[in-house]
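Let's take a friendly walk through this protein, from its overall make-up to one sheet and a patch on its surface. Keep the structure open beside you as you read.

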Amino acid sequence: MKIEAIPAEATRFKETELGPLPEEWRVVRLGEVASIGPARVAREHHEYIPFIPMSLIPENGTTISRWELRLPREVRSGVLILEGDFLLSKITPCLENGKQGVVRNLPGGWGYATTEVFPIRPNSALITEFLALYSFVCYLTPTPGV
């Protein structure tokens, strides 16, 4: 598949509170295009459960493709995650260090992660990788006064 750049003059922009955006885009609250913190599932009926501790979440990352396989009794707490979820740290200094990423190649398509992250699951109106990249860029170029 070949991806070609769109000439700048072909894209029309509008000014928004986030800065210039393509005219066909709109600014929304995250809750309108994603769910945060989904419910738990029964763990007892599985031999092993993929678990992502904070130590395996990359700094300024866009992809999380490492996990530990744990016995169900070893997963005493955690948040349910699904393949394609965006994990964002909720504690300092991990949040400030940009520990985040999109979960990829998770065995069975689900698992658990540390309770120190927000699992964010965009709906069809938002591309998960865009959310990860936007979050990553925000760490590199913080807005003065915010």
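## Surface, fold and one sheet

The protein exposes about 9500 Å², and carbon and sulfur atoms supply 55% of that area. Please keep in mind that this is a predicted model. Of the 146 residues in the protein, 36% are buried.

How many helices and strands does the protein have? Its secondary structure comes to two helices and eleven strands. Reading from the N terminus, the order of elements is β-β-α-β-β-β-β-β-β-β-β-β-α. Contacts often link distant parts of the sequence: among those between residues at least 6 apart, 70% join residues at least 24 apart.

Now to the sheet. Four strands form an open sheet in the order β6-β4-β10-β7, with mixed pairing. The edges are taken by β6 (68–70) and β7 (79–82); each has a single partner strand, so one side of each is left without a neighbour in the sheet. From one strand to the next, the twist averages 45 degrees.

Strand β4 is a good place to look at the pairing in detail. Its residues are 49–52, and two bridges join it to β10 (residues 110–113), the two strands running parallel. Towards β6, β4 has three bridges, and here the strands run antiparallel. The table sets out one residue pair for each of these partners.

| Residue in β4 | Partner strand | Residue in the partner strand |
|---|---|---|
| Ile52 | β10 | Ala113 |
| Pro50 | β6 | Leu69 |

Where do the residues of β4 point? Ile49 and Phe51 point one way from the strand, while Pro50 and Ile52 point the other way, and all are buried. So Ile52, the bridge partner of Ala113 in β10, and Pro50, which stands opposite Leu69 in β6, both belong to this buried set.

Finally, back to the surface. Which residues form a nonpolar patch there? They are Leu18, Trp25, Val27, Ile127, Phe130 and Tyr134, and together they have about 570 Å² of accessible area. To find Val27 in the viewer, look in the loop between β2 (19–22) and α1 (30–33). Is Val27 buried, partly exposed or exposed? Val27 counts as partly exposed because its relative accessibility is 31%, and that class lies between the cut-offs of under 20% for buried and over 50% for exposed.

Technical notes:
Residues numbered from 1 in each chain as written. Predicted model: local features only at pLDDT ≥ 70, side-chain atom pairs only at ≥ 80, totals over all residues. Heavy atoms only, no water. Buried < 20%, exposed > 50% of the residue type's maximum accessible area, 1.4 Å probe, protein only. Contact = heavy atoms within 4.5 Å. Areas by Shrake-Rupley, 256 points an atom, 1.4 Å probe, with all protein chains shown as cover. Pairing = 2+ DSSP bridges. Axes fitted to C-alpha atoms, helices over the stretch in contact; angles between N-to-C directions. Patch = residues over 30% accessible without salt bridge, like charges linked within 9 Å, V, L, I, M, F, W, Y side chains within 5 Å. Salt bridge = Lys/Arg side-chain N within 4 Å of Asp/Glu carboxyl O.
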